[in-house]
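User: I am new to this one and would like a friendly tour. Could you walk me through it?

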Amino acid sequence: MRFPKRLEKGDTILLVSLSSPLSEDKPVENIAAEVEKLGFRVKIGASCRSSTPSGYAAAPAEVRAADLNGGFADPEIDAIWCTRGGSTAWQILPLLDYPAIAAHPKPFIGFSDVTTLHLAIGQRCGFVTFHGPMANGFLDWEEDSFSWQSLWSALQMGACLEITNPPGEEIKILRPGCACGRLTGGNLSLVTTSVGTPWQIDARGCILYLEDVGEDVYALEEMLWQLKAAGILDSAAGLVFGAFTKCGNTYRADYGPEALLRDFFAGWRKPILYNVRSAHCTPMVTLPMGTMCTIDGDAGRMTVRC
């Protein structure tokens with residue numbers, strides 16, 4: 001898996017809205033100004049200034065796909081940063097020019113609904129992408145220096161990078177042992193949705209990362225059973241779970257996501273880590289998807305290599 005060109009201060013970043021539209025209190029001009037404060041030039045994609053009758057898509061699929069295809073093909077663009085998540089990224093998958101994207105590997109950053117694009121680009125284009133914060137999160141970047149430092153460390157990583165949580169957040173051990181494989185995954189709901197499609201996740205021999213937000217615990221269990229029945233969980237070399245923000249149990253408040261995972265994977269013979277804080281949480285860790293990842297289920301460590 002190729003590592004894209006390392007981003008440098010002064011480079012040009014393209015802002016795109018590939019899922020849901022930006023909210024009125026976070027206009028793209030404000031986001032662009034904050035990214036410029038980080039030391040970059042900024043271009044704003046047409047998807048950031050369009051709309052659809054549905055209200056839940058930032059722009060027509062053709063506009064969003066053109067932003068992404070054009071951003072990779074344009075030699076003046078050095079990186080592509082998604083402004084926010086939401087839904088509908090799946091609509092642009094058939095419209096992407098995968099050979100052209102593969103020919104111009106660049107840092108591609110985002111999480112949540114962007115999981116769909118991380119999987120497609122990783123599997124069809126063969127380069128590392130970054131499961132990192134959305135650009136709209138940096139309207140308050142001076143108050144969240146950890147998230148920026150983690151993203152920058154991932155973008156600039158050398159031969160090896162240890163994944164470290166924000167201060168006070170422990171990486172927990174669910175099952176012991178060590179495993180190594182290509183890092184893949186992202187949002188549990190989106191990974192599950194990929195099953196049975198041409199863009200289905202390939203977790204064979206991989207370290208599979210999963211997280212989610214706003215799902216009932218019973219829904220998390222349903223999705224895990226679907227991934228197990230599809231052979232995806234069993235095919236992975238090891239598992240890493242992130243934060244399950246606002247994922248409660250309306251039937252029994254004291255039985256939450258961690259309890260579910262401990263019961264679901266009781267007796268599992270592969271290593272499993274939990275509470276790697278990448279996605280719907282602040283601060284958040286950036287994960288370079290597609291790198292070779294080693295997890296140590298005895299020491300609670302996670303490292304990635306180019």
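Here are some questions and answers about one residue and two pockets.

Analyst: This is a predicted model, where local features need pLDDT of at least 70, side-chain atom pairs count only at pLDDT 80 or more, and totals for chains, interfaces and linings use all residues. Residues are numbered from 1 along each chain as its sequence is written, and side-chain values use heavy atoms, with hydrogens and water left out.

User: Which backbone nitrogen does the side chain of N249 reach at 2.8 Å?

Analyst: N249 sits in the loop between β10 (238-245) and α9 (257-264), with helices (H or I, at least four residues) and strands (E, at least two) taken as DSSP runs numbered from the N terminus. A polar atom of its side chain lies 3.1 Å from the backbone nitrogen of R252. The nitrogen reached at 2.8 Å is that of Y251.

User: Which residues does N249 contact, leaving aside neighbours within four places in sequence?

Analyst: Contact means heavy atoms within 4.5 Å. With those neighbours set aside, the partners of N249 are V217 and Y255.

User: How many charged residues are in the lining of the second largest pocket?

Analyst: Among the residues lining this pocket are W90, T116 and W199. Ala, Val, Leu, Ile, Met, Phe, Trp, Tyr, Cys and Pro count as nonpolar, Asp, Glu, Lys and Arg as charged, and the others, Gly among them, as polar. The lining has five nonpolar and four polar residues, and the number of charged ones is zero: no charged residues.

Methods
A polar contact is a pair of N or O atoms within 3.5 Å; within protein, one must be able to donate a hydrogen and the other to accept it, and residues adjacent in sequence count only if both atoms are side-chain atoms. On a 1 Å grid over the protein atoms alone, a cavity is a set of points where a 1.4 Å probe fits but cannot get out, and a pocket is an open set with protein on both sides within 12 Å along at least five of seven lines; lining residues have an atom within 4 Å of a point.
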